[in-house]
Amino acid sequence: MGRCSQRGVDDATRGSGDRDRCLDRRDADEAELASKRSQGGCDGGAELDQAASSITTLGGELTAAGLSPGTTGNLSVRLTDGILCTPTGVALGALDPARLSRLDRDGHHRSGPRPTKESVLHAAIYAADPSIGAVIHLHAPYVAAVSCLAGLDPYDAIPAMTPYLTMRAGPVAVVPYAAPGSARSAAKLGALVARGHRAILMANHGCMAIGGSLSQAASIAYELEQAAMLHLVMWGLPVRRLSASEVSELRRAVS
Ligand SMILES: [Zn+2]
């Protein structure tokens, strides 16, 4: 295994206790925000500040974990009146909460710096399911590697070896390759989200992790990278996969 690959293993597996504590804290803040939003009683300024702060903090965490190389990856949160997302050309570890892009509900740029060119994908995901509150797109190393494999099952691309991705996201779907930000990918992503997929590989590219909140989406993104790493590291070894009945039991436990 090369140095880069080993670094990916270490980064993907270390500090999970700290990470879970951060996610738990943010979960509480986001649950309050989502509750206010659903009741239509959210102060727009407070909502915006909370979303900007969550995006900026998570951008730093994903970068520190090695899941967002260079200026790759983008994050967004649904607001009452649109979408807040990361700008184009800025590393997720160097985000400024006052310099994020605001889009309307249809994904059109309204204010702030120019959004990521993949914002069309985020908008399509929000349009597909009103329960979606946050979207994370990453070129995480193992996820990107698995996305380049030929013959992936389009509705179950990474076999279940441990319970966690199954519990948090269910089966991993795949969107066929298209140029970044293409309308074709947006339509495919929307259809998969409408079918209930929350962890989606984009062929020869990366992934989408999708949740009711940014914490939930982050949790899926971390588990997806871990599952992709296991899938590659165990390649050719006599793996005991979770059986169909074990997977069904896990899904029933969280539904
Ligand atoms: Zn991308």
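A residue counts here as buried if 20 or more other C-beta atoms lie within 10 Å of its own, as exposed if 12 or fewer do, and as partly exposed in between, with C-beta atoms placed from the backbone. With that in hand, look at strand β5: Ala-134, Ile-136 and Leu-138 on one side and Val-135 and His-137 on the other are all buried, so that both faces of the strand are covered. In count form, 5 of the 5 residues of β5 are buried.

Before going further, a word on the model. This is a predicted model, in which local features need pLDDT of at least 70 and side-chain atom pairs count only at pLDDT 80 or more, while totals for chains, interfaces and linings use all residues. Residues are numbered from 1 along each chain as its sequence is written.

Now let us step back to the whole chain. The chain has 9 helices and 8 strands; these are DSSP runs numbered from the N terminus, with helices being H or I of at least four residues and strands E of at least two. Of its 255 residues, 44% count as buried. Contacts (C-beta atoms, placed from the backbone, within 7 Å) often join distant parts of the sequence: among those with a separation of 6 or more, 68% are between residues 24 or more positions apart.

The sheet gives us a route through the fold. Its 8 strands form an open sheet in the order β4-β3-β2-β1-β5-β8-β7-β6, with mixed pairing, where two strands pair if DSSP finds at least two bridges between them. At the edges stand β4 (109–111) and β6 (173–175), each with a single partner strand, so one side of each has no neighbour in the sheet. From one strand to the next, the twist averages 25°.

Return to β5 and its partners. Strand β5 (residues 134–138) pairs with β1 (residues 74–79) in the antiparallel sense over 4 bridges. Val-77 stands opposite Ala-134, and Ser-76 has Val-135 as its bridge partner. β5 also pairs with β8 in the antiparallel sense, over 5 bridges, and there Leu-138 stands opposite Cys-207.

Two helices lie across this sheet. Helix α7 (residues 183–194) crosses β6, β7 (199–202) and β8 (206–211), running at about 160° to β6. Angles like this one run from 0 to 180 degrees between N-to-C directions, with axes fitted as lines to C-alpha atoms, for helices over the stretch in contact. Helix α8 (residues 214–233) lies across β1, β5, β7 and β8, at about 145° to β8. The 20 residues of α8 reach 29 Å from first C-alpha to last, close to the 28 Å expected at 1.5 Å a residue, the expected span being 1.5 Å times one less than the number of residues. Of those 20 residues, 17 are buried.

What sits in the core? A nonpolar core is a set of buried Ala, Val, Leu, Ile, Met, Phe, Trp, Tyr and Cys residues joined through C-beta atoms within 7 Å. The largest has 63 residues, of which Ile-200, Cys-207 and Leu-224 touch the most other members. Helix α8 gives the most to this core, with 10 residues. Leaving aside residues up to four places away in sequence, Ile-200 touches several residues, including Val-172, Leu-189 and Cys-207.

Finally, meet Met-202 in strand β7. Met-202 is buried because 26 other C-beta atoms lie within 10 Å. With the same sequence neighbours left out, the residues Met-202 touches include Ser-147, Val-175 and Cys-207.
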